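This report describes one protein chain, beginning with a charged pair on its surface and then turning to the fold as a whole.

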Amino acid sequence: MQPILVAEGLSKQVGLDQETLTILDDVSFSLPQSASLAIVGASGSGKSTLLGLLAGLDRPSRGRVQLAGEYLDELDEDGRAALRGQAVGFVFQSFQLLPALSALDNVALPLELSGQRDAQKQARALLERVGLAARLKHRPRELSGGEQQRVALARAFVTRPRLLFADEPTGNLDTQTGKRIIELLFDLNHEAGTTLVLVTHDERLAARCAMRLRLAAGRVVEREGL
């Protein structure tokens with residue numbers, strides 16, 4: 001079976017005060033479908049930069065990414081966006097909900113943009129699944145942080161993505177709320193058979209994933225299961 005995600009010698013450099021700063025240096029791995037991978041490391045180790053390259057949100061200085069069978073460098077910006085829309089879901093630390101839309105409309109929006117006629121019905125079902133049946137019409141400012149992240153999870157899974165990128169999904173939540181969100185994330189991921197790439201500094205959370213990639217100063221210093 002073809003891997004869902006392949007990183008080939010990824011490096012990222014930026015110019016800084018007439019010097020070149022290396023953020024990532026020669027990162028390679030191959031991730032099979034339905035796997036779970038934690039990318040771990042201290043702040044500044046390059047975790048979020050790597051996630052951005054893997055998702056095609058940024059371009060590497062060297063190396064290539066193959067996502068869902070497509071090499072990202074062979075696609076233009078519209079092509080990469082279309083591929084993300086078809087195959088990828090995102091969960092961010094800052095929720096990234098549209099403030100003017102209700103929970104229901106936030107979740108339905110990706111489906112509506114792809115032309116699905118029953119978008120509201122699907123969104124309602126998934127919001128009920130994450131325990132927000134009584135919050136459908138609430139806007140983000142009317143929801144707690146944990147409720148906002150539940151909406152974000154529902155939005156990420158409503159398109160049935162093959163690959164989910166989660167960047168510190170509990171970073172803005174208290175410990176107990178974060179635990180509930182993580183249980184929900186892994187439950188939804190298991191039910192959908194989605195491949196999970198999780199960026200975290202939490203070692204206990206990383207241990208929930210079958211595979212781990214540890215970064216330090218932009219380089220891979222440890223890998224498990226890859």
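In this predicted model, E191 has a relative accessible area of 53% and is therefore exposed, the cut-off being over 50%. E191 forms a salt bridge with R129, and the closest N and O atoms of the pair are 2.6 Å apart. Because E191 belongs to helix α6 (residues 175-192) and R129 to helix α4 (residues 119-129), this salt bridge ties together parts that are 62 residues apart in sequence. R129 is partly exposed, at 34% relative accessibility.

**Salt bridges**

The whole structure holds eleven salt bridges. Three of them are set out here, among them the pair just described.

| Pair | N to O distance | Sequence separation |
|---|---|---|
| E191 and R129 | 2.6 Å | 62 residues |
| E74 and R64 | 2.9 Å | ten residues |
| R212 and E224 | 2.9 Å | twelve residues |

The side chains of R212 and E224 meet in a salt bridge. R212 lies in strand β9 (residues 211-216) and E224 in strand β10 (residues 219-224), so the pair ties together parts twelve residues apart in sequence. R212 counts as buried at 17% relative accessibility, whereas E224 is partly exposed at 36%. Elsewhere, R64, D73 and E74 are joined into one network by salt bridges that share partners.

Within that network, E74 pairs with R64. E74 sits in the loop between β5 and α2 (77-87), and R64 in strand β4, so their salt bridge ties together parts ten residues apart in sequence. E74 is exposed, with a relative accessible area of 58%, while R64 is partly exposed, with 26%.

**The four-stranded sheet**

Strand β4 is also part of an open sheet of four strands, in the order β2-β1-β4-β5 and with antiparallel pairing. The edge strands are β2 and β5 (70-71), each of which pairs on one side only. Strand β1 (residues 5-16) is joined to β2 by nine bridges, and A7 stands opposite F29 in β2. Five bridges join β1 to β4 (residues 62-67), where L5 stands opposite L67. β1 and β2 make a hairpin with two residues between them, and D17 in the turn has a positive phi of about 50°.

Two residues of β2 illustrate its surroundings. L21 is found in this strand, which covers residues 19-31, and is partly exposed with a relative accessible area of 41%. Together with V14 and L16, L21 makes a nonpolar surface patch of about 230 Å². S28 lies in β2 as well and is partly exposed at 27% relative accessibility. Leaving aside residues up to four places away in sequence, S28 touches A7, E8, G9 and R223. The C-alpha atoms of S28 and L226 are separated by 9.9 Å, although the two residues are 198 residues apart along the chain.

**Overall form**

The secondary structure amounts to seven helices and ten strands. The protein is as compact as a globular protein of its length, because its radius of gyration of 18 Å is close to the 17 Å that the globule rule gives for 226 residues. Along the principal axes, the C-alpha trace spans about 50 × 40 × 40 Å.

Of the 226 residues, 48% count as buried. The accessible surface comes to about 11100 Å², with 46% belonging to carbon and sulfur atoms. Among contacts between residues at least 6 apart in sequence, 68% join residues at least 24 apart.

Methods: Residues numbered from 1 in each chain as written. Predicted model: local features only at pLDDT ≥ 70, side-chain atom pairs only at ≥ 80, totals over all residues. Heavy atoms only, no water. Patch = residues over 30% accessible without salt bridge, like charges linked within 9 Å, V, L, I, M, F, W, Y side chains within 5 Å. Areas by Shrake-Rupley, 256 points an atom, 1.4 Å probe, with all protein chains shown as cover. Salt bridge = Lys/Arg side-chain N within 4 Å of Asp/Glu carboxyl O. Buried < 20%, exposed > 50% of the residue type's maximum accessible area, 1.4 Å probe, protein only. Rg over C-alpha atoms; globule rule 2.2 N^0.38 Å. Contact = heavy atoms within 4.5 Å. Pairing = 2+ DSSP bridges.
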